[in-house]
Amino acid sequence: MILKKEHIFQLEQLIAEANNITLITHSNPDADTIGSALAFQNILLQLGKYVVVVCPNGIPEFIQWMPNVDKIKVHDIEGKSVQDAVMNADLVFAMDFNAPHRTANIEKSMQETNAKKVLIDHHLFPDESYFDLMFSAPEKSSTCELLFDILRNSLFKKFINKDIATYIFVGLMTDTGSFAYSCNEPETFEAAAELIRYGVNVKETHDRIFNNNSIDRLRVLGYSISDKLRVFPEYHSAYISLSAEELGRYGNSDGLTEGIVNYALSIKGICFAALLTEKGDKIKMSFRSKGTYNVNAFSRANFEGGGHHNAAGGKSFLSLEETEKKLENLISKIEIQC
Ligand code: 5GP
Ligand code: MN
């Protein structure tokens, strides 16, 4: 996407006319959705707006150090005030997701609010009918990188500070697996360089995300790899599945299993990996691929999900065992090439 001057102008206008702004993150929030929302909130607060960040459910431990993360309103904890924040807003932003259903328990308020709606996101296939203004850039590494482009090309540039740069850097770093994938465009590294000029400390920020694991997180990783990894070399596929009971053994905190799917994908000759986690009445699915296999299409077709070409999520309302069977059956049929 090439940023259009008229879109930036419309954004500036919408913000100028709004007093009450709500920034919405997607469910099972990651560092890109939280980082972009907190960065934008910081800018909007400097403009004197009343700004709330709302989130459907729990924020992973590894991003809880971010300044002002404790002020985010989480629907699972304070549903009424999240609904009020969406219903009473003049302007709402969808940060890092492409359609209202990605916000689970906030979706209803998103459908009912009279607020103007703006999308800032890098997922494929945004719901164009819902938004008044869209910044949709699937070619961008992260929503944080896209937001940084928007800010740098708008009246808001002068408000960028070290905290904002750090939030944005975290989204960029985590959505690219520490600059390993989804970052083959020079612009991503140019953005990272610029963020360092704003004062980001790379080592410190990296340590806060990646060298800050709870013991439970490390142990569940060890257990997943040693006991739960199922590999299908003939189909270039592998998956890990964890029941609610197994997750409970490790405390089942938010974000506990974040990143585990990548270990299944890291096996030589494996180009499709999945992680199944039993959450309440459904199974949460994470899909990753190397190369040409499109897990976004796979998840849309089979598990009510979506995401990106090489990283997508989805869900199943079958039992864990039935979901495993369904997945294994699909794995044996889809032709995955490495
Ligand atoms: P994860 O496996 O880390 O939960 O998700 C991988 C990517 O797919 C993320 O960019 C996430 O936002 C997106 N994603 C996860 N679940 C869903 C879903 O149910 N629908 C859609 N459209 N995208 C999803
Ligand atoms: Mn993202």
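This passage describes the cysteines, the charged side chains and a few single residues of a predicted model.

The cysteines come first. A disulfide is a covalent bond between the sulfur atoms of two cysteines. A search of the whole structure finds one such bond. Its partners are Cys271 and Cys338, with a distance of 1.8 Å from S to S. The torsion about the S-S bond of Cys271 and Cys338 is about 125°, so this disulfide is right-handed. The bond links distant parts of the chain, as its two cysteines are 67 residues apart. Cys271 sits in the loop between helix H11 (260-265) and strand S9 (272-279). Cys338 belongs to the segment after helix H13 (320-333). The two ends of the bond also differ in their surroundings. Cys271 has a relative accessibility of 5%, and it counts as buried because the cut-off for burial is under 20%. Cys338 reaches 59%, and it counts as exposed because that value is over 50%.

Two further cysteines can be described. Cys55 takes part in no disulfide. The nearest cysteine sulfur to that of Cys55 belongs to Cys144 and is 14 Å away. A disulfide needs two sulfur atoms within 2.5 Å, so this pair does not qualify. Cys55 is buried, and its relative accessible area is 0%. Cys144 is likewise in no disulfide, and its nearest cysteine sulfur is that of Cys55. Cys144 is buried too, at 0% relative accessibility.

Charged side chains form the next topic. The structure holds twelve salt bridges. One of them joins Lys203 to Asp207, and the closest N and O atoms of this pair are 2.6 Å apart. Both residues belong to helix H8 (residues 202-210). They are four residues apart there, so about one helical turn separates them. Lys203 is exposed, with a relative accessible area of 56%. Asp207 has a value of 23% and is partly exposed.

A second salt bridge pairs Glu246 with Lys228. Here the closest N and O atoms lie 2.7 Å apart. Glu246 is part of helix H10 (residues 244-249), while Lys228 is part of helix H9 (residues 215-228). The pair therefore ties together parts that are 18 residues apart in sequence. Glu246 and Lys228 are both buried.

Helix H10 also contains both partners of another salt bridge, Arg249 and Glu245. The closest N and O atoms of Arg249 and Glu245 are 3.0 Å apart. Along the helix these residues are four positions apart, about one turn. Arg249 is partly exposed, at 45% relative accessible area. Elsewhere, salt bridges with shared partners join four residues into one network. The members are Lys140, Glu145, Asp149 and Arg152.

Other charges gather on the surface. Glu61, Asp76, Asp216 and Asp254 make up a patch of negative charge there. Residues in such a patch form no salt bridge, so these four stand apart from the pairs described above. Asp76 lies in the loop between strand S3 (73-74) and helix H3 (79-87). Its relative accessible area is 54%, so Asp76 is exposed.

Some single residues complete the description. Asp96 has a positive phi of about 75°, although it is not a glycine. Asp96 lies in the loop between strand S4 (91-95) and helix H4 (107-112). This residue is buried, with a relative accessibility of 0%. His236 also has a positive phi without being a glycine, and its value is about 55°. The loop that holds His236 runs between strand S7 (229-232) and strand S8 (237-242). His236 is partly exposed, at 26% relative accessible area.

Thr188 is located in helix H7 (residues 186-197). At 2% relative accessibility, Thr188 is buried. Its C-alpha atom is separated by 29 Å from that of Ser129. Along the chain, Thr188 and Ser129 are 59 residues apart.

How values were computed: Residues numbered from 1 in each chain as written. Chains lettered and ligands numbered in written order. Predicted model: local features only at pLDDT ≥ 70, side-chain atom pairs only at ≥ 80, totals over all residues. Heavy atoms only, no water. Buried < 20%, exposed > 50% of the residue type's maximum accessible area, 1.4 Å probe, protein only. Patch = residues over 30% accessible without salt bridge, like charges linked within 9 Å, V, L, I, M, F, W, Y side chains within 5 Å. Areas by Shrake-Rupley, 256 points an atom, 1.4 Å probe, with all protein chains shown as cover. Lys, Arg positive; Asp, Glu negative; His and termini not counted. Charge placed at Lys NZ, Arg CZ, Asp CG, Glu CD.
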